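Welcome! Here is a short guided tour of one protein model, written for someone meeting it for the very first time.

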Amino acid sequence: MATLKVSILVPVFNEVESIRPVVELLLDLPINKELIIVDDCSTDGSSEVVASLECDGVRVCRHMHNLGKGAAIRTGLDIATGDVVVIQDADLEYDPADIPVLLETLQKQSVRVVYGYRDLSQQRFVVRWGNSFLTLITNLLFNGRLKDMESCYKMLTLELARSLNLRSVRFEIEAEITAKLLKRREAIVQVPIKYVPRVQKKKLVPFKDGPQGLWALIRFRFTD
């Protein structure tokens, strides 16, 4: 089986405490990889930490204005050189050790998309309800069978990811990716992943980002 190169896209905004440990864990992964860190105009010292991490296998770019997670992912996609891409949040909620599992699943099952799904039981009620609701609406709109539409761990072939022509700039990027894949009837294999909700305040605001995600699902269901 050919060894695939994985482009790991790491959007960063004000994660000064966690970005270095995340990158160290990613560098230790026993896979062929490149890390693409996109600093979305951090103001807490993350930019300096990110700059110090650039080395062979780690590419760094910086937005001059804060644009959002979706914009950072799109920037990473533009410069990725791997065979497949996966998104890694910079806050230690997700365990990078699951990335090789996603890759092995993608190769063994000969698919172009693998999603990691979380156990959401430890999330705050409002966040858990919002995630479950958006996944339910996704399945109803697209006749899907997803367990966790909002999961960060989405692994796609680079060719497929670029063909989606993503436009979202904030957290609704998750809905856009999923909507476009399901609309194309792309097979999505799902595997369980480890997940520890962050204790500090999340950047995702349920009553703001939830409706945006819902609107993205509806919009991409009925338009191109």
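## A salt bridge inside one helix

Let's begin with Lys180 and Glu176, whose side chains meet in a salt bridge at 2.7 Å, N to O. Keep in mind that this is a predicted model. The two residues are four places apart in helix H7, so about one helical turn separates them. Are Lys180 and Glu176 buried or exposed? Both are buried.

Elsewhere, salt bridges that share partners join Lys69, Asp89, Lys154 and Glu174 into one network. The count for the structure comes to 12 salt bridges.

## Salt bridges across the chain

Some of these pairs reach further along the sequence. Lys5 forms a salt bridge with Glu34, and their closest N and O atoms are 3.8 Å apart. This pair links distant parts of the chain, with Lys5 in the segment before S1 and Glu34 in strand S2, 29 residues apart. Lys5 is partly exposed, with a relative accessible area of 24%, whereas Glu34 is buried at 5%.

Another example is Arg118, which forms a salt bridge with Asp148, the closest N and O atoms being 2.6 Å apart. Arg118 lies in the loop between strand S5 (113–117) and H5, while Asp148 lies in the loop between H5 and S6, so the pair ties together parts that are 30 residues apart in sequence. Both Arg118 and Asp148 are buried. Arg118 has a second role to notice: its charged end sits over the ring of Tyr195, 4.9 Å from the ring's centre.

## Aromatic rings

How many aromatic pairs does the structure hold? There are three. One of them joins Tyr94 and Tyr153 in a tilted arrangement, 5.0 Å centre to centre with 45° between the planes. Tyr94 is in the loop between S4 and helix H4 (99–108), and Tyr153 is in the loop between H5 and strand S6 (154–157), so this pair ties together parts that are 59 residues apart in sequence. Tyr94 counts as buried because its relative accessibility is 4%, and Tyr153 counts as buried because its value is 0%. Together with Tyr195, Tyr94 and Tyr153 form one aromatic cluster.

Trp129 and Phe133 form a stacked aromatic pair, 5.2 Å centre to centre with 5° between the planes. Both lie in helix H5, four residues apart, which is about one turn of the helix. Trp129 is exposed, with a relative accessible area of 52%, and Phe133 is partly exposed at 30%. There is also Arg221, which lies over the face of Phe222 at 5.1 Å from the ring centre.

## The nonpolar core

The largest nonpolar core has 67 residues, and those with the most contacts inside it are Ile8, Ile19, Ile99, Met155, Leu156, Ile177 and Leu181. Which helix gives the most to this core? Helix H7 (residues 173–183) does, with six residues. Leu156 is a good place to look around: leaving out residues up to four places away in sequence, Leu156 touches Val84, Val85, Arg112, Val113, Ala161, Leu164, Ile177 and Leu181.

## Two more helices to explore

In helix H3 (residues 69–79), the buried residues are Lys69, Gly70, Ala71, Ala72, Ile73, Gly76 and Leu77. They pack against several elements: strands S1 (6–12), S2 (33–39) and S4 (84–87), along with helix H6 (158–163) and H7.

Over in helix H5 (residues 125–142), you can find Thr135. With a relative accessibility of 7%, Thr135 counts as buried. Not counting neighbours within four places in sequence, Thr135 is in contact with Leu146, Lys147, Asp148 and Met149.

## Cysteines without disulfides

A disulfide is a covalent bond between the sulfur atoms of two cysteines. How many disulfides does a search of the whole structure find? The search finds zero. For Cys55, the nearest cysteine sulfur is that of Cys61, 15 Å away. Cys55 is partly exposed, with a relative accessible area of 41%.

Why is Cys152 without a bond to Cys61? The sulfur of Cys61 is the closest cysteine sulfur to that of Cys152, but the two are 16 Å apart, too far for a bond. Cys152 is buried, with a relative accessible area of 1%.

How values were computed
Residues are numbered from 1 along each chain as its sequence is written. This is a predicted model: local features need pLDDT of at least 70, side-chain atom pairs count only at pLDDT 80 or more; totals for chains, interfaces and linings use all residues. Side-chain values use heavy atoms; hydrogens and water are left out. A nonpolar core is a set of buried Ala, Val, Leu, Ile, Met, Phe, Trp, Tyr and Cys residues joined through side-chain atoms within 4.5 Å. Buried means under 20% relative accessible area, exposed over 50%, partly exposed in between (1.4 Å probe, protein chains only). Contact means heavy atoms within 4.5 Å. Rings of Phe, Tyr and Trp (its six-membered ring) pair if their centres lie within 6.5 Å; planes under 30 degrees apart count as stacked, over 60 as edge-to-face and the rest as tilted. A charge sits over a ring if NZ of Lys or CZ of Arg is within 6 Å of the ring centre and within 35 degrees of the ring normal. A disulfide is a pair of cysteine sulfur atoms within 2.5 Å. A salt bridge is a side-chain nitrogen of Lys or Arg within 4 Å of a carboxyl oxygen of Asp or Glu.
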